[in-house]
Amino acid sequence: MTAAPTQDRYLLRDVAPLGGDRVDMLLADGVIAAIEPAGTLTADDSTVVIEAGALIALPGLVDLHTHLREPGREDAETIHSGTRAAAAGGFTAVHAMANTTPVQDTAGVVEQVWRIGTEAGWVDVHPVGAVSVGLDGTHLAELSAMADSAAQVRVFSDDGKCVWDPVLMRRALEYVKAFDGVIAQHAQEPRLTEGAQMNEGVVSAEIGLAGWPAVAEEAIIARDVLLAEHVGSRLHVCHLSTAGSVDLIRWAKARGINVTAEVTPHHLVLTDELARGYDPLFKVNPPLRTAADVEAVREGLADGTIDIVATDHAPHTREDKDCEWSAAAFGMTGLETALSVVQQTMVDTGRMTWADVARVLSTAPARIGRITDGPRPQGRPLEVGEPANVVLVDPAATRLVVPTEQATASANSPFGGQELPGQVVATFLRGRATVLDARPVERAGTLA
Ligand SMILES: [Zn+2]
């Protein structure tokens, strides 16, 4: 399959790729057809002109960690609603986590998710395969069958659960070497976190909720980087959240271990102080940590220790969230606020450039997921001849987050009522607009 031909032609006039010098950029036939100095490209009648003088162009964003909930929990999100939310947030590809019902642990289930995602046409959907059958943590799933399927799975994770058994983890790391796969670990020592409700620390002690200690994350990361080194395989650490975890990844990389790591937008800005209100909107796994941890993950992201930002978009129904803290589900939505939170915490603070944003939200996650090449490449540079996966951002805009007005089918955003900087104005998937004028473009049929 190649990039589908398209009638769509867009001239992005006076746009700033990666926030740099302004150019005119023509998107035609699914690719970036021309890039010329600003004011020099002209449009014919069939070309839509977008006056982009206030806008930055980034390569389409790639999320390595999305929960689309389908199959099984379509009351919280569907592949259609979740990928529409992704497009609204500037994404052109997402990796859909395996903890669905049934679990994405066979070629049949991952192909089903891949097909529905392709037909929805909002973004490329890359199913993540489960490491263990039914996420049971004991029996290795059919990793090679999922890798060989039409979905071409390269990322495997029991996310939501930790692959706790070191023997199973070792076998999984060894197994994926055959097809250049990666194990994405949800690092949570289960015995140290039994009954845990929030970060273990001053706040948990004061408000009387059971704590999830930092060491429960760090112990698994320490073990797994050593296992990855021992078997010469590739490890990815999901949603790293503590200062100690950043130190461990820094150490592992200095040692030459093949490890990558992600941080979520919410761990870049929110702290465990928010638990004092007992509002389950702020209940998430791993939990919100301390201000010192927030500072450490920002520093780790800025210096490259942490490779990427991944949303861990985790939609939940009102029934599962509007209840007392201890009964509520873990998780928060994130696809439609991720870019704004990264701008707020990293760009507007002077810690990262827009080129860095393109790296942590597009290029690097695409590389880790092994989707920079192949039939539908993502995370490619904004150059002539490359697929026209492009997002236009207005960094000077501010917007009020209204969770019930978002594209996601769930309303559990921790940023509701907040003014966030930045607005996704347009998203293009292989030259076709999925978002225009900051609104999803509804179309029927298979277009991807
Ligand atoms: Zn997780």
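Domain bounds here come from an automatic or database domain assignment. In this predicted model, that assignment divides the protein chain into domain 1, made up of residues 9-57 + 384-440, and domain 2, which covers 61-368. Domain 1 is thus written as two stretches of sequence, and a reader tracing the chain will meet domain 2 between them. The C-alpha centres of the two domains lie 27 Å apart.

How many residues bring the two domains into contact? On the domain 1 side there are 33, and they touch 42 residues of domain 2. Together the domains bury an area of about 2,900 Å², with 60% of it coming from carbon and sulfur atoms. Three residues stand out on the domain 1 side: Asn-412, Pro-414 and Phe-415 supply 21% of the area that domain 1 buries against domain 2, more than any other three residues.

Polar and charged groups also meet across this interface. Between domain 1 and domain 2, 19 residue pairs are in polar contact, and one salt bridge is found. Arg-430 forms a salt bridge with Asp-124, and their closest N and O atoms are 2.7 Å apart.

Which strands help to build the side of domain 1 that touches domain 2? Strand E16 (390-400), strand E17 (419-429) and strand E18 (432-436) each supply at least two residues to that side. E17 gives the most, with eight residues. Sorted by class, the side of domain 1 that touches domain 2 holds 18 nonpolar, eleven polar and four charged residues.

Methods: Residues are numbered from 1 along each chain as its sequence is written. This is a predicted model: local features need pLDDT of at least 70, side-chain atom pairs count only at pLDDT 80 or more; totals for chains, interfaces and linings use all residues. Side-chain values use heavy atoms; hydrogens and water are left out. Contact means heavy atoms within 4.5 Å. Buried area is the accessible area (1.4 Å probe) that two parts lose on being put together, summed over both. A salt bridge is a side-chain nitrogen of Lys or Arg within 4 Å of a carboxyl oxygen of Asp or Glu. A polar contact is a pair of N or O atoms within 3.5 Å; within protein, one must be able to donate a hydrogen and the other to accept it, and residues adjacent in sequence count only if both atoms are side-chain atoms. Helices (H or I, at least four residues) and strands (E, at least two) are DSSP runs, numbered from the N terminus. Ala, Val, Leu, Ile, Met, Phe, Trp, Tyr, Cys and Pro count as nonpolar, Asp, Glu, Lys and Arg as charged, and the others, Gly among them, as polar.
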